[in-house]
Amino acid sequence: MSLLRRAISSIAPQVKNTQSFNAVRGYASYELKSQASWPKGDKNEKDGLVQMNLFTAINSAMHVALEADETAVVFGEDVGFGGVFRCSLGLQERFSRERVFNTPLAEQGIAGFAIGMAAMGHTAIAEIQFADYIFPAFDQLVNEAAKYRYRSGGQFDVGSLTIRSPYGAVGHGGHYHSQSPEAYFCHTPGLKVVMPRGPAEAKGLLLASIRDKNPVIFFEPKGLYRAAVDMVPVGDYELPLGVADVMQEGTDVTVLGWGAQMRVLKAAVDMAAKEGISCELIDLQTITPWDVDTIEKSVRKTGKLVISHEAPITGGFAGEIAAKIQV
């Protein structure tokens with residue numbers, strides 16, 4: 001256990017930085033995945049897979065959603081010309097200014113507008129430019145979006161609402177561009193929170209989030225937008241929400257994380273393996289509702305659980321998981 005902690009601590013600073021990550025590409029996302037639902041066959045364009053990084057996979061998911069659903073709209077700060085991370089690049093030219101458009105720099109307004117659009121029958125895909133600035137929209141999300149169905153007795157809902165936002169540290173973002181705020185929203189019934197680890201997961205989980213009949217907050221690891229590269233299905237596919245992915249089976253200890261932290265954990269369990277420690281590595285993927293059964297089954301086998309996330313320890317979601325598993 002102490003070896004794992006040392007490994008996580010020593011590796012984490014490396015993968016915060018894109019250049020350092022590129023130097024250890026041995027654990028790029030396509031080396032990690034073990035999703036049971038991936039298409040079979042060789043990883044090439046002939047078989048319907050192409051190489052994408054994270055931001056192009058996000059772009060591909062929104063392209064699929066807009067193509068398949070004429071009620072879908074994409075909007076946010078600077079989204080019309082592609083956004084600061086280029087995730088919406090080319091969508092306005094393809095689907096028109098009426099369906100892909102810029103908003104004022106007002107997160108509360110973006111969330112309120114998204115709730116209204118969803119309430120009126122649109123599939124609303126809104127972007128908050130940085131997760132650090134989602135807090136002005138907090139009231140709209142936790143008091144309006146999350147409670148819309150409940151307070152109307154099931155007559156109305158904003159289920160077709162997805163809020164996308166890049167989260168996490170990149171090594172130079174400072175205190176306003178580095179936060180991981182997922183735990184704030186996990187306390188609220190009525191919201192789903194999803195955090196992918198790589199391009200293939202991001203596309204499948206985002207399409208599932210967009211189509212889920214509950215409001216979803218989709219946090220994207222911005223440090224991996226260009227650094228994480230994967231073979232991704234070019235067409236329409238979904239990965240189920242609320243289902244963890246057992247990336248690597250083991251017998252000695254269960255190692256659990258989500259989002260960008262999975263690269264840190266993969267490197268850590270590889271180091272542990274050299275010391276004879278067999279780790280079962282699990283990506284939670286959906287933070288709420290989280291997959292209790294998969295984690296419990298693993299811990300019953302290994303007898304130990306290590307949880308690592310990028311967010312602050314105090315009030316972090318690891319505490320919720322640890323408390324539940326120990327009951």
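1. Let's begin with the aromatic cluster: Phe135, Phe138, Tyr167, Tyr184, Phe185 and Phe219 group together as one. Please keep in mind that this is a predicted model. Across the structure, the count of aromatic pairs comes to 13.

2. One stacked pair deserves a look on your screen. Phe75 and Phe101 have their ring centres 5.3 Å apart, with 10° between the planes, and the pair is classed as stacked. The two rings come from distant parts of the chain: Phe75 belongs to strand β2 (residues 72–76) and Phe101 to strand β3 (residues 100–102), 26 residues apart. Both partners can be checked for burial. Phe75 has a relative accessible area of 0% and is buried; Phe101, at 17%, also counts as buried, because the cut-off for buried is under 20%.

3. Now compare a pair from within the cluster. The centres of the Phe138 and Tyr184 rings are 6.5 Å apart and the planes meet at 85°, so this pair is edge-to-face. Phe138 sits in helix α7 and Tyr184 in helix α9 (residues 182–186), so the pair ties together parts of the chain 46 residues apart in sequence. Are these two rings buried or partly exposed? Phe138 is partly exposed at 27% relative accessibility, and Tyr184 is partly exposed at 48%.

4. Helix α7 (residues 138–145) also packs with helix α6 (residues 107–119): their axes come within 8 Å and cross at roughly 25°. The two helices are therefore roughly parallel to each other, since angles under 35 degrees count that way. On the α6 side the contact uses Gln108, Ala111, Gly112 and Ile115, and on the α7 side Gln140, Leu141, Glu144 and Ala145. Sorted by class, the contact holds four nonpolar, three polar and one charged residues.

5. Two arginines are worth a glance for their position over rings. The charged end of Arg94 sits over the ring of Phe95, 4.6 Å from the ring centre. Likewise, the charged end of Arg151 sits over the ring of Tyr148, 5.1 Å from the centre of that ring.

6. Next, a proline in a strand. Pro221 is found in β7 (residues 216–221) and counts as buried, with 1% relative accessibility. Which residues does Pro221 contact, leaving aside neighbours within four places in sequence? They are Leu54, Tyr167, Pro196 and Ala260. Tyr167 is also one of the cluster residues in point 1. In addition, the C-alpha atoms of Pro221 and Gly259 are separated by 6.3 Å, although these residues are 38 apart along the chain.

7. A loop residue can be buried too. Ser88 lies in the loop between β2 and α5 (91–95), and its relative accessibility of 0% makes it count as buried. Not counting residues up to four places away in sequence, Ser88 touches Asn59, Met62, Val79, Gly82 and Gly83.

8. Finally, the chain as a whole. It contains 13 helices and 13 strands, and buried residues make up 57% of its 327 residues. Among contacts between residues at least 6 apart in sequence, 82% join residues at least 24 apart. The stacked pair in point 2 spans 26 residues, and the edge-to-face pair in point 3 spans 46.

Note on methods:
Residues numbered from 1 in each chain as written. Predicted model: local features only at pLDDT ≥ 70, side-chain atom pairs only at ≥ 80, totals over all residues. Heavy atoms only, no water. Axes fitted to C-alpha atoms, helices over the stretch in contact; angles between N-to-C directions. Helix = DSSP H or I, 4+ residues; strand = E, 2+ residues; numbered from the N terminus. Parallel < 35°, antiparallel > 145°, perpendicular 65-115°, else oblique. Contact = heavy atoms within 4.5 Å. Nonpolar A, V, L, I, M, F, W, Y, C, P; charged D, E, K, R; others polar. Phe/Tyr/Trp six-rings, centres within 6.5 Å; stacked < 30°, edge-to-face > 60°. Buried < 20%, exposed > 50% of the residue type's maximum accessible area, 1.4 Å probe, protein only. Lys NZ or Arg CZ within 6 Å of the ring centre and 35° of its normal.
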